[in-house]
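Me: I want to learn how the labels on a structure are earned. Let me ask, and you reason it out.

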Amino acid sequence: FDGSRGSYAARLERALRGLVEFYGTDPVHARVVCHGLLDVERMVVGPPHGAGTRSVFAEFVRDFTAFVEAGIAAGEFHAERPLGTIVSIGGVVLFECMLPWEARRSYGAGGSTLEDRTREVISFVRRAVVKVPPRRRAR
């Protein structure tokens with residue numbers, strides 16, 4: 001999420017590509033992270049005072065939340081709860097990668113390659129998160 005290369009929508013797409021690639025290459029990756037998502041609220045707040053540092057996953061959630069907040073502030077993303085948005089995105093990515101055949105059956109997609117699944121996830125998330133700029137009237 002670092003840097004300012006491209007729009008927030010383009011940066012979100014790059015992040016989604018990386019997530020699907022990581023989780024899609026081995027469904028076990030997706031299953032393991034699901035356990036972390038069950039306790040994501042506590043991890044974003046962090047451990048109690050004096051209990052150590054946040055996990056790498058908690059840092060990722062914090063950075064992703066800040067990215068979504070910035071996208072909302074820039075007017076590119078729909079104004080929703082940022083943490084809820086990233087948990088929803090995570091759910092879409094994990095569902096598609098953890099259970100690709102069930103996910104495909106659920107919303108009728110026919111692709112089976114990792115690139116097909118990546119395109120499906122990006123398309124789905126873009127429709128839900130990214131604001132469509134208003135069209136200019138033709139003269």
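Me: Which residues of α1 and α4 meet?

Reply: This is a predicted model. On the α1 side they are Y8, R11, L12 and L19. On the α4 side they are F60, F64, F67, A70 and G71. By class, this contact has seven nonpolar residues, one polar and one charged.

Me: Why are α1 and α4 called roughly antiparallel?

Reply: Look at the angle. The two helices pack at about 155°, with their axes 10 Å apart. The label needs an angle over 145 degrees. The value passes that mark, so α1 and α4 are roughly antiparallel to each other. Their crossing is left-handed.

Me: What makes α1 oblique to α7?

Reply: Again, start with the angle. The axes of α1 and α7 cross at roughly 140° and come within 9 Å. Roughly antiparallel needs over 145 degrees, and roughly perpendicular covers 65 to 115. The angle of roughly 140° fits neither range, so α1 is oblique to α7. This crossing is right-handed.

Me: Which residues of α1 and α7 meet there?

Reply: α1 brings A9, L12, E13, L16, R17, V20, E21, G24 and T25. α7 brings L114, E115, R117, T118, V121, I122, V125, R126 and V129. Nine residues of this contact are nonpolar, three are polar and six are charged.

Me: How do you know that L16 is buried?

Reply: L16 lies in helix α1. Its relative accessible area is 1%. Buried means under 20%. The value is under that cut-off, so L16 counts as buried.

Me: What does L16 touch, leaving aside its neighbours within four places in sequence?

Reply: L16 is in contact with I89, V93, V121, I122 and V125. Take I89: it sits 73 residues from L16 along the chain, yet their C-alpha atoms are separated by 8.7 Å.

Me: Which residues touch the most other members of the largest nonpolar core?

Reply: They are L12 and V93, in a core of 27 residues. The elements giving two or more residues to this core are α1, α2, α4, α5 and α7.

Me: What is L12 in contact with, apart from its neighbours within four places in sequence?

Reply: The list is F64, F67, F77, I89, V125, V129 and V130. Two of these, F64 and F67, belong to the α4 side of the contact with α1. V125 and V129 belong to the α7 side.

Me: Why might such side chains gather inside a protein?

Reply: In soluble globular proteins, nonpolar side chains tend to be buried together.

Note on methods: Residues are numbered from 1 along each chain as its sequence is written. This is a predicted model: local features need pLDDT of at least 70, side-chain atom pairs count only at pLDDT 80 or more; totals for chains, interfaces and linings use all residues. Side-chain values use heavy atoms; hydrogens and water are left out. A nonpolar core is a set of buried Ala, Val, Leu, Ile, Met, Phe, Trp, Tyr and Cys residues joined through side-chain atoms within 4.5 Å. Buried means under 20% relative accessible area, exposed over 50%, partly exposed in between (1.4 Å probe, protein chains only). Helices (H or I, at least four residues) and strands (E, at least two) are DSSP runs, numbered from the N terminus. Contact means heavy atoms within 4.5 Å. Axes are lines fitted to C-alpha atoms, for helices over the stretch in contact, and angles run from 0 to 180 degrees between N-to-C directions. Angles under 35 degrees count as roughly parallel, over 145 as roughly antiparallel, 65 to 115 as roughly perpendicular and the rest as oblique. A crossing is left-handed if the near helix is turned anticlockwise from the far one by less than a right angle, and right-handed if clockwise. Ala, Val, Leu, Ile, Met, Phe, Trp, Tyr, Cys and Pro count as nonpolar, Asp, Glu, Lys and Arg as charged, and the others, Gly among them, as polar.
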